[in-house]
Amino acid sequence: MKERITVKIGSQILTRKDGTLDVTRMSALVDQIAELHKSGVEVILVSSGAVASGKSEIKVKSKLDTISARQLYSSIGQVKLINRYSDLFHQQNITCGQILATKEDFSTRRHYLNQRNCMSVMLENKVIPIVNENDAISVTGLMFTDNDEMSGLVATMMGCEKLIILSNIDGIYNGNPSDPKSEIFKKIDITKDNIEDCIQSSKSSTGRGGMTTKYNIARKAAEEGIEVIIANGRRDNILVDLIKGKDVISTHFIPSTKKTTSIKKWIAHSEGFTKGEIYVNQNAKEVLLGDKAVSLLPVGVTQIIGNFETDDVVRIMDEKGKLIGIGKTAYSSEKAKEVIGKNNKKAIIHYDYLYIEK
């Protein structure tokens with residue numbers, strides 16, 4: 001079976017200090033992706049850079065609000081970005097295709113499967129999918145934190161073995177990366193390492209996210225069996241060296257060996273799409289957090305918050321308001337309220353559609 005990977009390239013890698021597209025770096029990364037593609041590796045590329053590209057193409061007549069500026073720059077910049085990718089891959093005799101997605105495209109199972117089918121057909125026909133957020137319309141509360149979040153969703157959805165996030169630093173450090181005393185975390189074991197307090201929260205000037213976002217996305221993807229690597233996209237031959245297993249300075253998240261179904265993977269990444277909250281008592285919490293897979297029964301429910309329909313995704317909370325898990329409900333909020341605390345009723349969330357945060 002072919003190895004399948006998702007590669008995420010951040011804005012800070014693709015743009016120069018003046019905001020223009022760094023064509024030299026972009027060309028070098030395309031050359032590496034082309035080499036992997038020709039060796040049989042299936043590559044899905046999640047690329048930022050549209051907004052930054054658009055800023056260098058037009059001078060606005062008056063000051064724009066944040067949303068209008070994002071819409072204008074991304075709509076112009078996305079054309080420039082994908083044309084450049086198309087030209088560079090064409091020189092390698094490789095066809096690429098564009099997929100513009102919004103967070104809402106992942107919010108329902110039907111949209112999720114349609115998107116997965118589209119990318120699967122592309123890969124089967126040796127077309128490299130280039131994915132970016134559709135910034136021209138994705139300007140509501142349902143925006144991705146940044147393309148790091150999207151890359152985690154794509155890697156999970158497509159069953160990738162690896163997710164490589166290329167940043168402008170070598171990985172995650174135990175202090176400020178610019179401090180010579182700081183050391184890099186070469187390997188992170190998600191089952192025992194807890195390094196949130198070490199992570200710098202600063203963001204790049206061109207991107208929306210930061211290292212905290214990268215860590216959270218990497219951790220979740222690793223929990224679902226994907227090896228995640230955070231590395232410096234400005235290092236020569238970085239992608240090829242990583243795939244060949246060379247000793248490159250980077251941070252590796254050790255993937256879980258626990259098997260997770262496709263629908264549970266979708267649910268795991270659906271926290272941003274939830275329509276309501278189900279609160280449970282202490283007994284139900286202990287059962288849900290145990291080693292055995294169990295369903296959420298009405299008898300353990302204490303409160304229903306929000307309005308949701310059957311098959312919507314909801315958050316499961318303990319009595320203190322802490323998130324326990326996420327699941328696809330078999331009840332509407334109205335019906336769920338009718339069975340709160342009752343015995344001998346069907347499960348509100350069946351264990352096949354329940355993801356527990358541990």
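Ala 347 is buried, because its relative accessible area of 18% falls under the 20% limit for that class. The model in which this residue is seen is a predicted one. Ala 347 sits in the loop that connects helix 11 (333-338) with strand 13. Residues up to four places away in sequence being set aside, Ala 347 touches Ser 295, Leu 296, Leu 297, Pro 298, Ala 330 and Tyr 331. With respect to Ala 336, Ala 347 stands 11 residues away in sequence, and the two C-alpha atoms are 10.0 Å apart in space.

Strand 13 leads to the sheet of this region. This is an open sheet of five strands, arranged in the order 10-9-11-12-13 and with mixed pairing. Strand 10 (301-305) and strand 13 (354-356) each have a single partner strand and stand at the edges, so one side of each remains without a neighbour in the sheet. From one strand to the next, the twist averages 20°. Within the sheet, strand 11 (residues 313-317) and strand 12 (residues 323-328) run antiparallel and are joined by five bridges. One residue pair illustrates the register: Val 314 has Gly 327 of strand 12 as its bridge partner.

The wider division of the chain may now be considered. Domain 1 covers 4-260 and domain 2 covers 270-356. Taken over C-alpha atoms, the centres of domain 1 and domain 2 are separated by 33 Å. Seven residues from domain 1 and four residues from domain 2 take part in the contact between them.

A second sheet is also open, and its eight strands follow the order 3-4-2-1-5-7-8-6 with mixed pairing. Its edges are formed by strand 3 (95-101) and strand 6 (187-189), each of which has a single partner strand, so that one side of each is left without a neighbour in the sheet. The twist of this eight-stranded sheet averages 20° from one strand to the next. Strand 1 (residues 4-9) and strand 2 (residues 42-47) run parallel, with six bridges joining them. Ile 9 has its bridge partner in strand 2, namely Ser 47.

The loop between strand 2 and helix 3 (50-55) holds Ser 48. With a relative accessibility of 9%, Ser 48 counts as buried, because the class takes in values under 20%. Beyond its neighbours within four places in sequence, Ser 48 is in contact with Lys 8, Ile 9, Gly 10, Ser 11, Leu 14, Leu 81, Asn 132 and Asn 147.

Helix 5 lies across strand 1, strand 2, strand 3 and strand 4 (127-133), and runs at about 145° to strand 4. Helix 5 also packs against another helix. A pair of packed helices is described by the angle between their axes and the distance between the axes. For helix 5 (residues 109-124) and helix 6 (residues 147-157), the angle is about 75° and the axes lie 10 Å apart. Helix 5 is therefore roughly perpendicular to helix 6, since that description applies to angles of 65 to 115 degrees. On the side of helix 5, Tyr 112, Gln 115, Arg 116 and Met 119 make the contact, and on the side of helix 6 it is made by Val 154, Thr 156 and Met 157. By character, the residues of this contact between helix 5 and helix 6 comprise four nonpolar, two polar and one charged.

Technical notes. Residues numbered from 1 in each chain as written. Predicted model: local features only at pLDDT ≥ 70, side-chain atom pairs only at ≥ 80, totals over all residues. Heavy atoms only, no water. Axes fitted to C-alpha atoms, helices over the stretch in contact; angles between N-to-C directions. Helix = DSSP H or I, 4+ residues; strand = E, 2+ residues; numbered from the N terminus. Parallel < 35°, antiparallel > 145°, perpendicular 65-115°, else oblique. Contact = heavy atoms within 4.5 Å. Nonpolar A, V, L, I, M, F, W, Y, C, P; charged D, E, K, R; others polar. Pairing = 2+ DSSP bridges. Buried < 20%, exposed > 50% of the residue type's maximum accessible area, 1.4 Å probe, protein only. Domains from an automatic or database assignment.
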